[in-house]
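User: I have a new structure to look at and would like to go through it in small steps. Can you take my questions as they come?

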Amino acid sequence: MNVKMIQKDIDSCQLKPAYLLYGDERYLVSHYAGVLGENLDKDVFDGAVPTAQIILAAEAFPFLAEKRAVYVKDSRLFATGRKNDTDAMADFIPKIPAETVLIFVESDVDKRTRLYKKVAELGRAVECTPLNPPDLTRWVVKKCRDKDKSISPAAAEQLMRSAAHNMTALIAEIDKLAAFAGARPSITSEDINILCTPALQTRVFDLLAAMGRGNAGQALTLYANMLHMKEQPLMILAMLIRQFRILLLCKEAQAKKYAKADMAKAFGLRPFMVDEALAQARRYTTERLLSALEDCADTDVRIKTGKLDAEMGVELLIIKYTI
């Protein structure tokens with residue numbers, strides 16, 4: 001079930017008795033949790049609060065609005081370890097008063113639990129996943145329009161890449177760009193170049209892409225720019241290790257005929273990242289990637305034990321693994 005069903009409930013003013021919001025796209029989790037409880041009386045419970053307290057609040061009659069929203073955040077009721085509380089809450093779901101909306105916002109969810117199945121049956125259990133690139137582009141365009149600014153699809157894609165497709169970061173960048181544009185009606189690519197610093201993850205991915213293309217000059221320039229922006233060599237090295245590992249995992253998964261969607265879920269990646277990783281991984285053999293990971297780990301140890309200068313150590317790795 002996707003977030004469109006929540007929006008449908010809101011638009012029709014027909015809220016379900018219970019909602020469960022979870023998933024990797026925390027912006028959507030937070031956004032829809034807030035919209036569901038808008039203009040309602042609110043009670044908020046954070047952490048492993050006893051179920052009895054939540055039920056007591058849910059049974060209270062609203063005072064200033066037609067309905068009461070009871071928020072339950074990171075309760076672990078949908079995970080293992082709280083069976084008695086979980087069962088008690090599952091028993092309560094069919095008994096939620098008509099004046100109450102129970103909103104669970106969770107990080108850890110096991111779909112096999114009785115409580116999950118009960119919420120999915122009588123309410124909405126919604127996993128908020130990252131938007132695919134076309135939908136995210138449209139979302140960026142809409143958010144700019146909300147600020148009375150236009151943005152071309154190409155500039156929107158540039159902004160998305162700069163913010164590593166992170167919706168929370170994108171909102172902050174759009175606010176900044178709209179203020180910078182002032183009276184101008186549009187946000188341009190030049191504005192993004194001036195104002196937006198690409199996320200380290202994006203810059204390291206670009207670095208690996210240059211290395212994979214055999215462009216040592218561009219790779220070393222990208223590295224020098226990161227150092228100029230006060231990024232620490234050890235942090236860059238850690239991100240290189242992460243990216244080499246992603247390339248290896250995606251390469252191995254593709255060899256085993258895994259679907260891209262399964263790779264994204266298993267490795268904690270956004271779908272577009274899998275596509276980019278597979279494109280980069282084609283330039284490396286499995287043996288080369290394993291060797292890169294071993295050399296990265298060795299460089300990390302030598303830097304931390306004072307046997308190698310950090311900036312020089314990462315630079316040598318970049319040179320060695322530029323194809």
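User: Let's start with Leu220. Is it buried, exposed or partly exposed?
Analyst: This is a predicted model, so every statement here is about a prediction. In it, Leu220 is partly exposed, with a relative accessible area of 26%.

User: Where is Leu220, and what does it touch?
Analyst: Leu220 lies in helix H11, which covers residues 216-228. Leaving aside neighbours within four places in sequence, Leu220 is in contact with Glu315, Ile318 and Ile319.

User: How far is Leu220 from Thr322 in space?
Analyst: The C-alpha atoms of Leu220 and Thr322 are 9.9 Å apart, while the two residues are 102 apart in sequence.

User: You mentioned Ile319. Which surface patch does Ile319 help make?
Analyst: Ile319 joins Met312 and Leu316 in a nonpolar surface patch of about 270 Å².

User: And Met312, where is that?
Analyst: Met312 is in helix H16, residues 310-320. Its relative accessible area is 41%, so Met312 is partly exposed. A residue needs over 30% to be part of a patch, and Met312 has 41%.

User: Let me step back. How many helices and strands does the chain have?
Analyst: There are 16 helices and seven strands. The C-alpha atoms fill a box of roughly 65 × 55 × 40 Å along the principal axes.

User: What share of the residues is buried?
Analyst: Of the 323 residues in the chain, 45% are buried. The chain exposes about 16400 Å², and carbon and sulfur atoms supply 54% of that area.

User: What about contacts between residues far apart in sequence?
Analyst: Take the contacts between residues at least 6 apart in sequence: 75% of them join residues at least 24 apart.

User: Now salt bridges. How many are there?
Analyst: The structure holds 22 salt bridges. One of them joins the side chains of Glu231 and Arg203, at 2.8 Å from N to O. That pair links distant parts of the chain, 28 residues apart: Glu231 is in the loop between H11 and H12, and Arg203 is in helix H10.

User: Is Arg203 buried or exposed?
Analyst: Arg203 has a relative accessible area of 10%, so it is buried. Not counting residues up to four places away in sequence, Arg203 touches Thr197, Pro198, Met226, Met229 and Glu231.

User: Which salt bridge is there within helix H15?
Analyst: Asp300 and Lys304 meet in one, at 3.2 Å from N to O. They are four residues apart in helix H15 (residues 286-304), so about one helical turn separates them. Asp300 is buried at 18% relative accessible area, whereas Lys304 is exposed at 58%.

User: What about Lys176 and Glu173?
Analyst: Their side chains also meet in a salt bridge, at 2.9 Å from N to O. Because they are three residues apart in helix H8 (residues 167-181), Lys176 and Glu173 are separated by about one helical turn. Lys176 is partly exposed at 36% relative accessibility, and Glu173 is buried at 13%.

User: New topic: how many disulfides are there?
Analyst: The structure holds zero disulfides. Cys296, for instance, is in no disulfide: the nearest cysteine sulfur is that of Cys250, 17 Å away.

User: Why can't 17 Å count?
Analyst: A disulfide needs two cysteine sulfur atoms within 2.5 Å, and the sulfur of Cys250 is 17 Å from that of Cys296.

User: Is Cys296 buried or exposed, and how about Cys13?
Analyst: Cys296 is buried, with a relative accessible area of 0%. Cys13 is exposed, at 64% relative accessibility.

User: Last topic, the backbone. What is the phi of Asn39?
Analyst: Asn39 has a positive phi of about 65°, although it is not a glycine. Most residues other than glycine have a negative phi. Asn39 is in the loop between helix H2 (26-36) and strand E2 (41-46), and it is exposed at 67% relative accessibility.

User: What about Asp74?
Analyst: Asp74 has a positive phi too, near 50°. Asp74 sits in the loop between strand E3 (68-73) and helix H4 (83-92). With a relative accessible area of 37%, Asp74 is partly exposed.

Notes. Residues are numbered from 1 along each chain as its sequence is written. This is a predicted model: local features need pLDDT of at least 70, side-chain atom pairs count only at pLDDT 80 or more; totals for chains, interfaces and linings use all residues. Side-chain values use heavy atoms; hydrogens and water are left out. Patches are made of residues with over 30% relative accessible area and no salt bridge: like charges are joined within 9 Å, nonpolar side chains (Val, Leu, Ile, Met, Phe, Trp, Tyr) within 5 Å. Accessible areas come from the Shrake-Rupley method with a 1.4 Å probe; for residues, only the protein chains shown count as cover. A salt bridge is a side-chain nitrogen of Lys or Arg within 4 Å of a carboxyl oxygen of Asp or Glu. Helices (H or I, at least four residues) and strands (E, at least two) are DSSP runs, numbered from the N terminus. Buried means under 20% relative accessible area, exposed over 50%, partly exposed in between (1.4 Å probe, protein chains only). Contact means heavy atoms within 4.5 Å.
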